[in-house]
Amino acid sequence: ALETRDLVALKSNQIQALTTAQLSAGLTTAQFASLTTAQVAALTTNQVANGLTTNHIVALTTNQAGALTTAQASSLTTSQASALETVDLASMKTNQIAALTTNQIANGLSTNQIVALTTAQAAALTTAQTAALTTNQVAALETRDLVALKSNQIQALTTAQISAGLTTAQVAALTTAQVAALTTSQVVNGLSTNQIIALTTAQAAALTTAQATSLTTQQVAAIETADLAAMKTNQIAALTTNQVANGLTTNQIVALSSAQVAALTTAQAAALTTNQVGALETRDLVALKSQQIQALSTTQISAGLTTAQVAALTTAQVAALTTNQVTNGLSTNQIVALTTAQAASLTTAQASSLSTQQVAAIETADLAAMKTNQIAALTTNQVANGLTTNQIVGLTSAQVAALTTAQAAALTTNQVGALETRDLVALKSNQIQALSTTQISAGLTTAQVAALTTAQVAALTTNQV
């Protein structure tokens, strides 16, 4: 029955003398709403928790809500906490919000109340409070509030809160600093493939190398091509061989920049599948360094590289191939695909390592472009059983003149008969003398004999004659 003028005249000690029954059953909501902020602040935690009804809490004014002490705030029951009107909750100070218990947070605050929190209030949540949020509450965080969370608050989120709480829109709204703050456990066990897809290019580029290496192969495969292309070279180089071989799709391989491809470790290069090797764009393929090229297996070369890719290799890359890669890696079709410049860049060791089938596959224009020391490096087996008569015809005079006496002696009769006059007359005396009587009698045509120089005829041994 106390009138408002009389009620507000009560001093703090008089307010504190009221029993919980007097408050709950005697004080009307209108009377409660008329209390001064000092009177509200004077209530004991027992009076608050056991004397105020949810109707009293609903009746709180924004000023009264803001006047609650941190002790009073933390003494509220979950029912009282849920009864706080959104406008009253939003008027509370950050230290009042921070004083709420994890039980009040998780079991008291509704999603509407979470939405009503101010950015400052969200930023004031303790790590324990952050970890206590339900997945529905996490999903209710507005973008402005979510991005206000500090690194330690982000790290306090459980993997369940991340995977089942954060929406893809919320993930995409996280700041790069927040993304970088995620623990490897949160990344690998928290982020779903849909959330990985939702990452922005800036967020993908913000991942730490530790986070990048913690991704599952499914997560790696979910990275959008634009995001992958935005990642730094050290992030790409940090990926495990398993992530490279079993995570990256061929579309992702296509999307890699030349700088990223050049940053691959030799172990990563060796881990590429044949499909991945085949997916490398020319601009990226030619960015590979010598040690990366040498890291490729013979299977990656033979079954992975297309003829177009082989033809696109730089002369330095071709020269960097090991003899094993040349002999057991390059198919005859790939040998055919070599350009004249590439053929001319083969080392003498590479040339002498070619199989007879590979030698026979060299195009005549490419063979003619080879240096004399490359021709001289061929084995007698390569000469006799590899070179075709068309290739013999295609040899230059300088190349024929560079043949060793052993190579000259290894020529078949058909090969000898295929020597053009210009090339035949380029043979030196020791080369002429290296020819067997069979090569002369069954190989040289009468036209060829007639074309020999007088010096060459004079060089013939008596046995050859």
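Me: In this predicted model, what share of the contacts in the chain with a separation of 6 or more comes from residues 24 or more positions apart?
Reply: Good place to start, and remember that the model is predicted. Take the contacts in the chain whose separation is 6 or more. Of these, the part made by residues 24 or more positions apart is 88%.

Me: How many helices and how many strands does the chain have?
Reply: Happy to go through the secondary structure with you. The strand count for the chain is zero. The helix count, on the other hand, is 56.

Me: Why is the chain described as more spread out than a compact globule, and what is its radius of gyration?
Reply: The globule rule gives 23 Å for 465 residues. The chain is well over that value, so it is more spread out than a compact globule. Its radius of gyration is 42 Å.

Me: What box do the C-alpha atoms of the chain fill?
Reply: The box is taken along the principal axes. Its dimensions are roughly 145 × 25 × 20 Å.

Me: What percentage of the 465 residues is buried, and what percentage of the accessible surface belongs to carbon and sulfur atoms?
Reply: Buried residues make up 44% of the chain. The accessible surface comes to about 18,800 Å². The part of that surface belonging to carbon and sulfur atoms is 54%.

Me: How far apart are the mean positions of the positive and negative charges?
Reply: The chain carries 11 positive charges and 14 negative ones. Averaging the positions of each set gives two points, and their separation is 10 Å.

Me: Is D145 buried or exposed?
Reply: Let's place D145 before judging it: this residue sits in helix α18, which covers residues 143-146. Beyond its neighbours within four places in sequence, D145 touches I114, V115, L117, T118, T119 and A122. Its relative accessible area is 0%, and the cut-off for burial is under 20%, so D145 is buried.

Me: Which backbone nitrogen lies 2.8 Å from a polar atom of the side chain of Q80?
Reply: Q80 belongs to helix α10, residues 78-83, and counts as buried at 2% relative accessibility. Leaving out neighbours within four places in sequence, its contacts are V48, A49, L52, T54, I57 and S75. The backbone nitrogen at 2.8 Å from its side chain is that of T77.

Me: Which backbone nitrogen lies 2.6 Å from a polar atom of the side chain of Q14?
Reply: Q14 is part of helix α2, residues 12-17. At 35% relative accessibility, Q14 counts as partly exposed. The backbone nitrogen 2.6 Å from a polar atom of its side chain belongs to K11.

Me: What distance separates the C-alpha atoms of Q14 and Q39?
Reply: Along the chain, Q14 and Q39 are 25 residues apart. In space, their C-alpha atoms are separated by 9.5 Å.

Me: What distance separates the C-alpha atoms of G26 and A1?
Reply: G26 is in helix α3, residues 20-26, and is partly exposed with a relative accessible area of 45%. Apart from neighbours within four places in sequence, G26 is in contact with A21 and Q31. A1 lies 25 residues away along the chain, and the C-alpha separation of the pair is 8.7 Å.

Me: How far is the C-alpha atom of A202 from that of S441?
Reply: A202 lies in helix α25, residues 201-206, and counts as partly exposed at 43% relative accessibility. S441 is 239 residues from A202 along the chain. Their C-alpha atoms are separated by 78 Å.

Terms used
Residues numbered from 1 in each chain as written. Predicted model: local features only at pLDDT ≥ 70, side-chain atom pairs only at ≥ 80, totals over all residues. Heavy atoms only, no water. Helix = DSSP H or I, 4+ residues; strand = E, 2+ residues; numbered from the N terminus. Rg over C-alpha atoms; globule rule 2.2 N^0.38 Å. Buried < 20%, exposed > 50% of the residue type's maximum accessible area, 1.4 Å probe, protein only. Contact = heavy atoms within 4.5 Å. Areas by Shrake-Rupley, 256 points an atom, 1.4 Å probe, with all protein chains shown as cover. Lys, Arg positive; Asp, Glu negative; His and termini not counted. Charge placed at Lys NZ, Arg CZ, Asp CG, Glu CD. Polar contact = N/O pair within 3.5 Å; in protein donor to acceptor, adjacent residues only side chain to side chain.
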